[in-house]
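This report is for a reader who has not met this structure before. The sequence and the structure come next.

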Amino acid sequence: EEFPPGGENLLKPKRTGARVSCFLDVSSKMILNIKIVERSISEISLAKQQLMELKNHIDITKLITIYDRGYNSIELMIKTEDLGSKFLIRLKTNTFRNQVKKMKTNDEIISFNITNTILNKFEDEKLKEKAKKMGRFRLRIVKVELKNGTTEILATNLTQEEFSSEELKELYAKRWSVETGFDRLKNLIEIEEFSGNRRIIIEQDFYAHIFIYNL
């Protein structure tokens, strides 16, 4: 009841689960903000909410948030800029496909119209109105080649003066700390083990495990 499995198909087995969203400092390896919520709340909504909460505790104008491909949201990009903060996002291969094809170098500023199709995906009405007035959005796109020969496409509002394309490649690699952090939480601290079924017990167990992790 607290964490519904969702889905309308009564013939398929369902598992109760929750969504966890984590902001981890890749330098100190400390978890700065983490939430456990029902899966009906999207990752993008949580990221925006957590950015706002972080703003109350740290100077996010000096924060660079590194996201994987699940966060290639224009709304999240505009929200981050609106807060005066920085982002580095690995894009899906089909994101900004036409603009990426037209790039003559591996590090360029692209510009595109904020269409109704884009605006209809916004959840924040105030931000939606602001984006509508903007009309166009400028974004730096960087192509980086990995050792295995594949090419990653990164989107950022960091300037070339702040970070070179090679430095952005190194910066994105630091996101791996999140994966090793989740491995520790799951296998060493056993964060998926709960002592009860009620939401308050689940949350108490969950945040106690986070406290132990940071300690």
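What follows describes a predicted model, beginning with its sheet and moving on to helices and loops.

**The sheet**

Strands of a sheet pair through backbone hydrogen bonds, either parallel or antiparallel. In this model, five strands form an open sheet with mixed pairing, in the order β3-β4-β7-β6-β5. At its edges are β3 and β5 (107-113), each of which pairs on one side only. From one strand to the next, the twist averages 25°.

The table lists three of the strand pairs, with a bridge partner in each.

| Strand pair | Sense | Bridges | Partner residues |
|---|---|---|---|
| β3 and β4 | parallel | four bridges | I66 and L88 of β4 |
| β4 and β7 | antiparallel | three bridges | I89 and A155 of β7 |
| β6 and β7 | antiparallel | six bridges | I141 and A155 of β7 |

A155 in β7 thus appears in two of these rows: it stands opposite I89, and it is also the bridge partner of I141. Five of the six residues of β7 are buried, so this strand is largely enclosed by the rest of the structure. The hairpin of β6 and β7 has five residues between the strands, and within this hairpin G149 takes a positive phi near 95°.

**Helices across the sheet**

Two helices, α2 and α6, are described here by how they lie on the strands. Helix α2 lies across β3, β4, β5, β6 (136-145) and β7 (151-156), and runs at about 160° to β4. Helix α6 (residues 165-173) lies across β3, β4, β5, β6 and β7 as well, running at about 80° to β6.

**Packing of α2 with α5**

Two packed helices are described by the angle between their axes and the distance between the axes. For α2 (residues 74-82) and α5 (residues 125-134), the angle is about 90° and the axes are 11 Å apart. The two helices are therefore roughly perpendicular to each other. On the α2 side the contact is made by E75, I78, K79 and D82, and on the α5 side by L127, K130, A131 and M134. Sorted by class, the residues of this contact are four nonpolar and four charged, with no polar ones.

**Helix α1**

Helix α1 (residues 43-55) has 13 residues, which at 1.5 Å a residue should span 18 Å; the end C-alpha atoms are 18 Å apart, so the two values agree. Which residues of α1 are buried? They are I44, S45, L46, A47, K48, Q50, L51 and L54. Among the elements that cover these buried residues are β1 (18-24), β2 (31-38), β3 (64-67) and α2.

**Two loop residues with positive phi**

F96 is found in the loop between β4 and α3 (97-101). Its phi is near 50°, a positive value in a residue other than glycine. Is F96 buried or exposed? The relative accessible area of F96 is 11%, and the cut-off for buried is under 20%, so F96 is buried.

E190 lies in the loop between α7 (176-188) and α8 (199-214). E190 is not a glycine either, yet it has a positive phi of about 55°. With a relative accessibility of 43%, E190 counts as partly exposed.

Conventions: Residues are numbered from 1 along each chain as its sequence is written. This is a predicted model: local features need pLDDT of at least 70, side-chain atom pairs count only at pLDDT 80 or more; totals for chains, interfaces and linings use all residues. Side-chain values use heavy atoms; hydrogens and water are left out. Axes are lines fitted to C-alpha atoms, for helices over the stretch in contact, and angles run from 0 to 180 degrees between N-to-C directions. Angles under 35 degrees count as roughly parallel, over 145 as roughly antiparallel, 65 to 115 as roughly perpendicular and the rest as oblique. Contact means heavy atoms within 4.5 Å. Ala, Val, Leu, Ile, Met, Phe, Trp, Tyr, Cys and Pro count as nonpolar, Asp, Glu, Lys and Arg as charged, and the others, Gly among them, as polar. The expected span of a helix is 1.5 Å times one less than its number of residues. Buried means under 20% relative accessible area, exposed over 50%, partly exposed in between (1.4 Å probe, protein chains only). Two strands pair if DSSP finds at least two bridges between them.
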